[in-house]
Amino acid sequence: MDGNYIIGGVFTIHHYKQNVKLEYTTRPEPSKCSGSIDSRELRLSHAMVFAIEEINNSTELLPGVTLGYQIHDSCAAVPLAVQMAFQLLNGRDPVFHTSDNCSQSGAVVAIVGESGSTPSMSMSRVMGAFNIPLVSHFATCACLSDKQQYPTFFRTIPSDQFQADALAKLVKRFGWTWIGAIHSDSDYGNNGMASFLKAAKKVGICVEYTEAFYRTYPHSRIQRVAEVIRRSTATVIVAFASSGDLKILLEELVREPSPPRQWLGSESWVTNPDMLKFNFFTGALGFGIQRSIIPGLREFLLDLSPSKMSASPVLTEFWEDSFDCKLNTSVAANKRVCDGSEDIRTLQSQYTDTSQLRITNMVYKAIHAIAHALHNTLCPNTSSTTQCDKSLKIEAERFLTQLKKVNFTQNGYAVSFDMNGDPVATYELVNWQRGESGTIEMVTVGLYDASLPEGQEFHIHRNITWMDGSTQVPASVCSNSCPPGTRRMLQRGKPICCYDCIQCAEGEISNVTDSPDCVPCPEEFWPNTQRDTCLPKPVEYLSFHEVLGIILAAFSVGGACLAIGTAAVFFRHRNSPIVRANNSELSFLLLFSLTLCFLCSLTFIGAPSQWSCMLRHTAFGITFVLCMSCVLGKTIVVLMAFRATLPGSNVMKWFGPPQQRITVVSFTSIQVLICTLWLVLSPPFPMRNLTIYKRRIILECALGSAIGFWAVLGYIGLLAVFCLVLAVLARKLPDNFNEAKFITFSMLIFCAVWITFIPAYVSSPGKFTVAVEIFAILASSFGLILCIFAPKCFIIVLKPERNTKKLLMNKN
């Protein structure tokens, strides 16, 4: 149709171009298309005509100006699309003019098309040199947003970059980490899949395989792609392909069906009703352009008169293919002649189906965007009653600038372009569900808006049907999720989504699913048996409530009672010869010190505190030195008493009771001084020992200064050795009751206990260190009281007839 200004249109009405054999001897025939008509593309071309006629009838948009159009079929072939671009730019109009004359009306201000990305790229390179805009309704390749290469390219459909990001987020949303990917081996498929793979990698999705194919590939290559799908372990397949390419692959899969697969698709095929015939696609999920309503379009599409069909070879072919008849009686050989009974309203075709106008609305918006830019160029200040200046020559650069600025709403849908010539990305989430009649239907189950914040883009408002009609979300993972308490270990030579689950090492936990690493628990915590949480370590010390503590406390109290009982026996028989003969004052002092030795072991039981740590070691050291001082005094008295019996000896006057007291006080004072220095310089203190046991905390007393501790023990040992030597020297003195023998036995026991104590103390872990120390205290104390006092008590209580001075003095 002619007009003041012409808008070009290029659509893929046929999917194949006839191959012409070039002989180079005759002029080649014009390129021709072959194959069946794509009824959806035919509808798109008629939607363009409808929009132009609607604008021509409008009094608000371009008043006084008429728009014309030239629409061409590219046959999905790049060479033919480029040829159409040159033809539209040059103004040749072979459709309306049979001669070679150029028509002034043939020059176009803009072109709508193409449906494919690859032809659009080629056309845009040609158009860009002349600043003529190309507004596509279905070319979604993200590469076309590059204004350096395609400065005059616009589109009303969102870029594949948005769709690729949306597909990756959709896969991530349902927990799929192991997928297969197939795509058309074209600019649309290659660039779209590259964008998807990049987005998928960012969110941790692994791809088992990526296969490319094209409708013109040999059948063997199509078979190979189908076989890869059948053998794969990934349940989910993302298909970034055109419907024409995918149809060839699905026909191959129908011959030998693969295991159930969950298909995710791009806009190109997921909203194409022609694909609904593949029943195994039930549950397919993908993104589609929002459905729309274009008032009056259906009536326009159905208004096909015989004259219109006869004037258009394309409409003639469409009519004959749809009703299986021939309009031209002269060529109707094996087919019936169309008799006029054919009713297009009864035709089940994408051409007549206006229930889900998606891409059709993109064509409609593209025409209106061009019209608004033309209006702003020709008549920016006109009112509804003013006519635009249709004689004004349009400057391409000015018109291009106006097209970039368009911003309006048509039928409730906003139309605008960003700096890259792209619209705002909004999609419907389309699900293929089986209806009540048993047929597969496209159902909108949600929306996706790329302009919303991260994590809020999806709004799913309806239940989704998955593969095989299931209501459960299928799983598609290379390895099952690792539960808390384990970590992932990658399998050699496989993607990061393929891993083994390894239990966390000792002392480490993981409290999330699929944790890449385990983290160590804090120092005072330890994992539970599942190793998914850290629990406080139990605190351990020698307690009065446990069996070992009770036994040691009982022996301690029993020993103290034994010492007190012995002292009571001695006090009652204090005037008896055996008590008087054994230096009763030192004996009572020794019994008192032994009582303190038994009781000081109680300070080692219970939770250590600052005071108990200082008390237990100093009390132990001082009481044992007091005990050793008494024993040493008794030993010296025995030796001196023997020497006093020798003729002319006056030694006892140098070691009487005052000297004995001074000796005891002097020896004890040295220990008191050592303990005082220890407590002042570096006293013992309570500490939580975390190194001995991994699973428990040992509450114990740190020595503070190890030198102080070993000085206390060393001094006790020095007195014990000195006492042992003196006792050994006095053991054979001629006396019927020689106390030195019993002191020798007691010192042997004492030294044996404390010699064995040292390695046992060093090697015993935790609370057993304290138990060893208590045992040494009790054993040496019992050794002293039993060896020194048990024989005397035996005579006093059970053999009183032997408790006489005569018997004690009898050397025989």
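Biologist: Which cysteine is joined to C504 by a disulfide?

Modeller: In this predicted model, the sulfur atoms of the pair lie 2.0 Å apart, within the 2.5 Å that defines a disulfide. The cysteine joined to C504 is C518.

Biologist: How many residues apart in sequence are the parts that C504 and C518 tie together?

Modeller: C504 lies in the loop between β21 (499–503) and β22 (508–509). C518 is placed in the loop between β22 and β23 (519–520). The pair therefore ties together parts of the sequence that are apart by 14 residues.

Biologist: Is the link of C504 and C518 left-handed or right-handed?

Modeller: The handedness follows the angle about the S-S bond, which is -80° for C504 and C518. Their link is left-handed.

Biologist: Is C518 buried or exposed?

Modeller: The relative accessible area of C518 is 12%, and buried means under 20%. Its partner C504, with 1%, is buried. C518 is likewise buried.

Biologist: Where in the chain does the partner of C325 lie?

Modeller: A disulfide joins C325 to C338, with an S to S distance of 1.9 Å. C325 belongs to strand β13 (residues 325–326), and the two cysteines are 13 residues apart, a link between distant parts of the chain. C338 lies in the loop between β14 (336–337) and α12 (359–378).

Biologist: What is the relative accessibility of C338?

Modeller: C325 counts as buried, at 0% relative accessibility. C338 also counts as buried, and its relative accessibility is 14%.

Biologist: Why is the disulfide of C379 and C388 right-handed?

Modeller: The sulfur atoms of C379 and C388 are 1.9 Å apart and form a disulfide, and both residues are buried. The disulfide is right-handed because the torsion about its S-S bond is about 70°.

Biologist: Why does C793 form no bond with the closest cysteine sulfur?

Modeller: C793 is buried, with a relative accessible area of 17%. The closest cysteine sulfur is in C787, whereas a disulfide requires sulfur atoms within 2.5 Å. The sulfur of C793 is too far for a bond because the distance is 13 Å.

Biologist: How are the ring planes of F278 and F280 arranged, edge-to-face or stacked?

Modeller: The ring centres of F278 and F280 are 6.2 Å apart, and the planes meet at 65°. Planes over 60 degrees apart count as edge-to-face. The pair is therefore edge-to-face.

Biologist: Which residue, F278 or F280, counts as partly exposed?

Modeller: F278 has 6% relative accessibility and counts as buried. The partly exposed class lies between 20% and 50%. At 36% relative accessibility, the residue that counts as partly exposed is F280.

Biologist: Which residues form one aromatic cluster with F278 and F280?

Modeller: The cluster holds both phenylalanines, F278 and F280. The other residues in this cluster are W263, W269, F281 and W432.

Biologist: Which helix holds both W319 and F323?

Modeller: The rings of W319 and F323 have centres 4.7 Å apart and planes at 50°, so the pair is tilted. W319 is buried at 6% relative accessible area, and F323 is buried at 15%. The two residues are 4 residues apart, about one turn of the helix, and both lie in α11 (residues 313–323).

Biologist: Over which ring does the charged end of R488 sit?

Modeller: The charged end of R488 is 5.1 Å from the ring centre, and the cut-off for such a contact is within 6 Å. The ring belongs to Y499.

Conventions. Residues are numbered from 1 along each chain as its sequence is written. This is a predicted model: local features need pLDDT of at least 70, side-chain atom pairs count only at pLDDT 80 or more; totals for chains, interfaces and linings use all residues. Side-chain values use heavy atoms; hydrogens and water are left out. Buried means under 20% relative accessible area, exposed over 50%, partly exposed in between (1.4 Å probe, protein chains only). Rings of Phe, Tyr and Trp (its six-membered ring) pair if their centres lie within 6.5 Å; planes under 30 degrees apart count as stacked, over 60 as edge-to-face and the rest as tilted. A charge sits over a ring if NZ of Lys or CZ of Arg is within 6 Å of the ring centre and within 35 degrees of the ring normal.
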